[in-house]
There are 2 protein chains.
Amino acid sequence: MEELYIGVDLGGTKILAGIFNSEHHCLASDKTKTMPEDGYVAVCSRIVETIRSAAELVGIDPAKVNGAGIGAPGSISSDESRVLFAPNLGWRDAPLKADLEAQLGCPVWLGNDCNVAATGIHRLELEAKPNDMVSLFLGTGIGAGIITNGVFLSGATRAAGEVGHMVLDPDGPVCGCGTRGCFEALASRTAIFNKVKSAVNDGGELTQLMVADDESVTRIRSGKLRRAVEAADKLAVHVLDETCFYTGLAIANLCNLLNPEVVALGGGLIEQLHPVMVPKIRDAALERTMPGSRQVRIMATALGDDAGITGAAILAHDHN
Amino acid sequence: MEELYIGVDLGGTKILAGIFNSEHHCLASDKTKTMPEDGYVAVCSRIVETIRSAAELVGIDPAKVNGAGIGAPGSISSDESRVLFAPNLGWRDAPLKADLEAQLGCPVWLGNDCNVAATGIHRLELEAKPNDMVSLFLGTGIGAGIITNGVFLSGATRAAGEVGHMVLDPDGPVCGCGTRGCFEALASRTAIFNKVKSAVNDGGELTQLMVADDESVTRIRSGKLRRAVEAADKLAVHVLDETCFYTGLAIANLCNLLNPEVVALGGGLIEQLHPVMVPKIRDAALERTMPGSRQVRIMATALGDDAGITGAAILAHDHN
């Protein structure tokens with residue numbers, strides 16, 4: 001029987017699940033909303049449902065696959081069994097491996113979502129298998145999977161890689177964490193929407209991003225931003241330029257510090273807008289990168305939104 | 001016969017050399033000015049002279065020691081034989097190991113100055129031998145030796161660790177590297193003196209740091225700054241507070257990214273001013289460090305200026 005693996009990307013907003021063969025090719029996938037406010041048990045059930053509906057598309061029984069990998073947004077215990085802390089889900093020390101194994105009937109392994117997506121990019125996309133690499137994901141928040149000396153950076157208490165909270169401007173806007181001028185407060189999708197909202201509130205120019213009520217502004221998706229930028233909407237172009245500038249600044253800091261071979265960009269914003277964003281990000285980064293690190297390759301991942309599920313399936317495959 | 005090792009800290013301003021026993025205890029040391037403008041051959045001769053005069057103090061022949069370690073300010077080839085690039089010395093691909101071995105008659109190994117000093121701190125000062133650690137040196141410039149997963153960070157082209165060029169304020173002063181708002185342009189001794197100079201030029205308040213002519217302002221040493229701060233000189237206190245603020249910001253960024261167990265501070269500024277600086281730096285850092293990394297210990301090295309020669313002697317000892 002063919003080897004099969006399940007890969008799950010568990011985010012604060014959506015759950016994406018895919019069924020993969022042993023060549024890491026995705027045979028089918030499905031997604032659903034996470035709705036973390038319903039609590040841990042409900043989210044576990046939704047993960048299982050999403051896996052079952054992807055499995056149905058190719059007519060397989062999840063209990064018969066070789067294993068499932070889950071990328072979760074938080075710090076993961078070193079034995080890959082528990083989600084230690086996931087603020088976006090409101091989870092602390094959640095025994096996700098045991099709970100999913102009981103419901104799925106196949107072995108399950110957990111990884112940090114950014115590290116798992118970085119694994120997907122490293123294994124499927126980068127022939128050279130760099131020993132030093134940064135994968136940076138720009139979406140509602142900002143996260144990274146970082147490899148140094150061939151190993152994922154985890155830190156003393158498994159809390160490393162919080163690039164979203166790198167201060168880039170001490171006079172910048174206040175971040176969700178309470179600090180002023182974090183990368184995430186300057187360049188995430190949340191930051192973009194905050195800027196659009198305050199421009200609209202200030203009675204600025206007409207914009208395609210402008211909508212009738214406040215609430216729907218907060219719901220603007222990356223696709224809408226892309227269409228507004230393509231139509232040369234002034235506000236949209238301006239906020240996207242700022243995002244590229246700060247992302248370039250953050251990448252320069254990471255290059256000067258870590259001297260990676262590759263910086264791979266992913267996440268919702270990049271998936272929708274990489275043709276506009278990547279050249280601007282690259283210019284802002286290389287202008288500030290020291291000569292010794294300027295050989296770095298800055299690219300958008302071709303895996304797009306599938307980097308996470310691909311890496312999660314690889315995590316399960318590697319444990320087989 | 002007793003095992004003996006030579007440790008050399010080669011800086012852009014001064015050369016420090018020490019003779020160490022196998023317990024890494026310093027038996028004697030001497031120093032001289034580097035004067036890199038005289039060229040590579042002259043600096044090599046000065047390194048040898050400094051070693052000889054330290055050796056004379058304890059009546060030994062450098063040719064009879066077990067080996068010499070040299071911490072040099074730049075990137076070092078992976079076989080520890082050549083200084084690939086040292087902008088402060090004006091060197092490119094300098095065969096320092098071979099040239100010093102010919103003159104000294106003992107084996108020589110090279111290391112990056114910050115990594116070598118970090119080795120001294122890690123081996124002699126930190127009982128717990130952390131796998132994740134940042135050593136940050138504040139002086140004329142700013143450098144770091146970084147250990148992640150138990151290994152020194154070197155990067156794809158041995159250019160990692162350039163913390164001095166982390167941008168902390170995109171509207172800040174222009175750095176020597178051409179970028180605006182680098183950590184080094186905001187918080188090094190050079191930055192402090194630039195601030196004092198422009199305050200004096202702007203006809204600011206009377207200050208103990210003020211002197212008759214511009215040139216001597218650029219020569220203020222850390223000791224003079226310490227005495228002015230102790231005397232509550234307003235300008236001195238103000239510039240030092242700014243230095244502590246930006247150093248705290250940089251440490252928060254490093255903690256959020258690398259999640260180290262220890263941040264050890266060293267260099268000329270810290271040696272002179274650690275009782276004033278360390279509490280302020282710690283407050284600014286912890287305020288911006290994410291909860292998962294807040295267990296970090298932020299301390300000044302007790303080795304002071306000897307961290308470099310101690311680590312260099314350990315480098316030679318480890319090769320024996």
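1. A definition to start with: two strands count as paired if DSSP finds at least two bridges between them. Keep that in mind for everything below, and also that this is a predicted model. Take strand β2 (residues 14-21) of chain B, which runs antiparallel to β3(B) and is joined to it by seven bridges. Within that pair, B:Ile19 sits opposite B:Ala28 of β3(B).

2. Those two strands belong to an open, five-stranded sheet in chain B, with the order β3-β2-β1-β4-β8 and mixed pairing. Its edges are β3 (26-33) and β8 (108-112) of chain B, each paired on one side only. From one strand to the next, the twist averages 15°. Helix α2 (residues 96-104) of chain B packs on this sheet and touches β4 (67-72) and β8 of chain B, with its direction at about 140° to that of β8(B). Helix α3 (residues 113-124) of chain B lies across β1 (4-10), β4 and β8 of chain B, at about 100° to β8(B).

3. Further along chain B, have a look at β9. Strand β9 (residues 133-138) of chain B has six of its six residues buried. In a regular strand, side chains alternate between the two faces of the sheet. Here B:Met133, B:Ser135 and B:Phe137 point one way, while B:Val134, B:Leu136 and B:Leu138 point the other way, and all are buried.

4. What does β9(B) pair with? On the antiparallel side there is strand β10 (residues 142-148) of chain B, over six bridges; β9(B) and β10(B) make a hairpin with three residues between them. In the parallel sense, β9(B) pairs with strand β12 (residues 262-266) of chain B over five bridges. B:Leu136 is a handy residue to click on: it stands opposite B:Ala144 in β10(B) and also opposite B:Leu265 in β12(B).

5. Over to chain A, starting with the overall picture. Chain A has ten helices and 13 strands. Its radius of gyration is 20 Å, close to the 20 Å that the globule rule gives for 320 residues, so chain A is as compact as a globular protein of that length. The C-alpha trace of chain A spans about 60 × 50 × 35 Å along its principal axes. Buried residues account for 55% of the 320 residues in chain A. Of the contacts in chain A between residues at least 6 apart in sequence, 64% join residues at least 24 apart.

6. How is chain A split into domains? The assignment gives domain 1 (4-119 + 306-319) and domain 2 (128-301). The C-alpha centres of domain 1 and domain 2 of chain A are 26 Å apart. Eleven residues of domain 1 of chain A are in contact with 13 residues of domain 2 of chain A. On the domain 1 side, helix α3 (residues 113-124) of chain A gives the most, with five residues. That side of domain 1 of chain A is made up of five nonpolar, five polar and one charged residues.

7. There is also an open sheet of five strands in chain A with mixed pairing, in the order β11-β10-β9-β12-β13. At its edges stand β11 (151-152) and β13 (297-300) of chain A, each with a single partner strand, so one side of each is left without a neighbour in the sheet. Two bridges join strand β10 (residues 142-148) of chain A to β11(A), and the pair runs antiparallel; A:Ile147 has A:Phe152 as its bridge partner in β11(A).

8. Two helices lie across that sheet. Helix α3(A) crosses β9 (133-138), β10, β11 and β12 (262-266) of chain A, at about 60° to β10(A). Helix α8(A) lies across β9, β10, β12 and β13 of chain A, at about 160° to β9(A).

9. Helix α8 turns up again at the chain contact, which takes 38 residues from chain A and 38 residues from chain B. Helix α8 (residues 234-258) of chain A gives the most to the chain A side, with six residues. That side of chain A divides into 19 nonpolar, 14 polar and five charged residues.

10. One last residue: is A:Ala284 buried or exposed? A:Ala284 lies in helix α9 (residues 268-286) of chain A. The cut-off for buried is 20 or more other C-beta atoms within 10 Å, and A:Ala284 has 21 such neighbours, so it counts as buried. Leaving aside neighbours within four places in sequence, A:Ala284 is in contact with A:Cys244, A:Phe245, A:Gly248 and A:Leu249.

Notes:
Residues are numbered from 1 along each chain as its sequence is written. Chains are lettered from A and ligands numbered from 1 in the order in which they are written. This is a predicted model: local features need pLDDT of at least 70, side-chain atom pairs count only at pLDDT 80 or more; totals for chains, interfaces and linings use all residues. Helices (H or I, at least four residues) and strands (E, at least two) are DSSP runs, numbered from the N terminus. Axes are lines fitted to C-alpha atoms, for helices over the stretch in contact, and angles run from 0 to 180 degrees between N-to-C directions. Two residues are in contact if their C-beta atoms, placed from the backbone, lie within 7 Å. Domain bounds come from an automatic or database domain assignment. Ala, Val, Leu, Ile, Met, Phe, Trp, Tyr, Cys and Pro count as nonpolar, Asp, Glu, Lys and Arg as charged, and the others, Gly among them, as polar. A residue is buried if 20 or more other C-beta atoms lie within 10 Å of its own, exposed if 12 or fewer, and partly exposed in between; C-beta atoms are placed from the backbone. The radius of gyration is taken over C-alpha atoms; the globule rule is 2.2 Å times the number of residues to the power 0.38.
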